[in-house]
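Please examine the structure shown below before reading on. The paragraphs that follow lead through it step by step.

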Amino acid sequence: MPTIPSDSASHQARQRTNALLPGRWNAVRELPMVSHAHDNPELARTYDRVSDPQFEGGQRLVEGLALEPGERVLDVGCGTGRLAEWMATRTGPNVVGVDPLPERVALARQRAPNLRFEVARAEELGAFADGSFDAACLSAVFHWIEDKARALAELARVLRTGGRLGITTRAAELQRAGTLAEVLVPLLRRPPYRDHATREASACAATLTEIVTLLQQAAFELRELHVIQRRRWHPHGEDAVDFYESSAFGNLLSVVPEDLRPRIRADLAAAFETRRRPAGIPLLDYGVLLVAVHR
Ligand SMILES: C[S@@+](CC[C@H](N)C(=O)[O-])C[C@H]1O[C@@H](n2cnc3c(N)ncnc32)[C@H](O)[C@@H]1O
């Protein structure tokens, strides 16, 4: 597998993250790049339609935050705003969502015009004053963030002392255990993809040790940590590809050059089809849920 190309910004982000990690985690690990440039209106609409698994995971996460009426909540990486809208039914309209993808923020604004949504990355929350939130959540987002240390420093800044932070994310240790890796990794090792794939995975998941270490270094005290197993059924292989591609905002198939994308889409759908059972195509993912408090 060729090595991952590294633009200087993402390389520096990785160095910053790793520089904060002690001992053997101090080496710069080559994490894949995440692009915000592959999204489009159709992918955003598809995500809105197929994102029940993330929405349900987000609802479970929010239960752990024990939100009270009137609390100010920041939904980081809010996507199309489904979870923010749901949180507002508990807290009232003090819920703010941010996401770097303008198409998804546009859908969120249409969905909940009474809430504030901004285009922003977790690493740059400059639109918000120090201590301006009681709680924040990152539902299915943390593995997409390249500069995790900076994002957590920003979250610590905008949360008040005692503010709660909820995260659901993939963990590097569990990445290979899910259906997507089982299907995609062998495919990318075969021709014609073997000679063209620029990277192997589609997100920059950190290990659990890294996540916990980064939380501690950003002055968060870990209160809860759970491994989550997510199983769902898709009616056909194409539908499973739509789910992963829209969840990855175009970063899944962009590992190969544009002219190979229709082919890898078809091959991936066919590979999912080989797993068909009477109820459909089973997909299994593992992730983690963390709740921490800002000291
Ligand atoms: C799988 S979606 C989850 C969306 C939503 N939280 C949900 O639960 O449905 C991942 C989201 O992370 C967002 N994201 C990617 N990089 C980000 C970053 N650096 N800061 C904040 N959000 C980011 C993407 O734009 C995308 O909307």
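A crossing of two helices is called left-handed if the near helix is turned anticlockwise from the far one by less than a right angle, and right-handed if it is turned clockwise. By that convention, α3 passes α4 in a right-handed crossing. The model in which this crossing appears is a predicted one.

Two packed helices are described by the angle between their axes and the distance between the axes. For helix α3 (residues 52–65) and helix α4 (residues 82–91), the angle is about 35° and the axes lie 10 Å apart. The contact is formed by F55, G58, Q59 and V62 in α3, which meet R82, L83, W86 and M87 in α4. By class, the residues of this contact comprise five nonpolar, two polar and one charged.

The same two helices also belong to the surroundings of the ligand: α3 and α4 each supply at least two residues of the shell. Which element provides the largest share of that shell? It is α3, with three residues. In total, 24 residues surround the ligand, and the closest are G77, G79, A122, S139 and W144. Twelve residues of the shell are nonpolar, seven are polar and five are charged.

Attention now turns to the sheet. Seven strands form an open sheet in the order β3-β2-β1-β4-β5-β7-β6, and their pairing is mixed. Strands β3 (116–119) and β6 (220–234) stand at the edges with a single partner strand each, so one side of each is left without a neighbour in the sheet. From one strand to the next, the twist averages 15°.

The β5-β7-β6 part of this order can be followed bridge by bridge. Strand β5 (residues 159–169) pairs with strand β7 (residues 281–294) in the antiparallel sense, over six bridges. Within this pairing, T168 has L289 in β7 as its bridge partner. On the other side, β6 and β7 run antiparallel and are joined by 14 bridges. Here R231 stands opposite L284 in β7. Helix α8 (residues 208–217) lies across β6 and β7, and runs at about 140° to β6.

A second helix pair follows later in the chain. How do helix α9 (residues 237–247) and helix α10 (residues 261–273) cross, and at roughly what angle? Their axes come within 7 Å and cross at roughly 120°, and the crossing is right-handed. On the α9 side the contact involves G237, E238, A240 and V241, which meet R265, L268, A269, A270, F272 and E273 in α10. This contact of α9 with α10 has six nonpolar, one polar and three charged residues.

It remains to consider how far the model may be trusted. The protein chain averages a pLDDT of 89, and 88% of the residues score at least 70. Confidence is highest in strand β1 (residues 73–76), at 99, and lowest in helix α1 (residues 8–19), at a mean of 46. Over residues 1–11 the pLDDT stays under 50, and the model has 14 contacts beyond four places in sequence for this stretch. The pLDDT is also below 50 over residues 13–31, a stretch with 29 contacts in the model beyond near neighbours in sequence. Where pLDDT is low, the predicted coordinates should not be read in detail.

How values were computed:
Residues are numbered from 1 along each chain as its sequence is written. This is a predicted model: local features need pLDDT of at least 70, side-chain atom pairs count only at pLDDT 80 or more; totals for chains, interfaces and linings use all residues. Two strands pair if DSSP finds at least two bridges between them. Helices (H or I, at least four residues) and strands (E, at least two) are DSSP runs, numbered from the N terminus. Axes are lines fitted to C-alpha atoms, for helices over the stretch in contact, and angles run from 0 to 180 degrees between N-to-C directions. Two residues are in contact if their C-beta atoms, placed from the backbone, lie within 7 Å. pLDDT is the predictor's confidence in each residue, from 0 to 100. Ala, Val, Leu, Ile, Met, Phe, Trp, Tyr, Cys and Pro count as nonpolar, Asp, Glu, Lys and Arg as charged, and the others, Gly among them, as polar. A residue is near a molecule or strand if its C-beta atom, placed from the backbone, lies within 6 Å of it.
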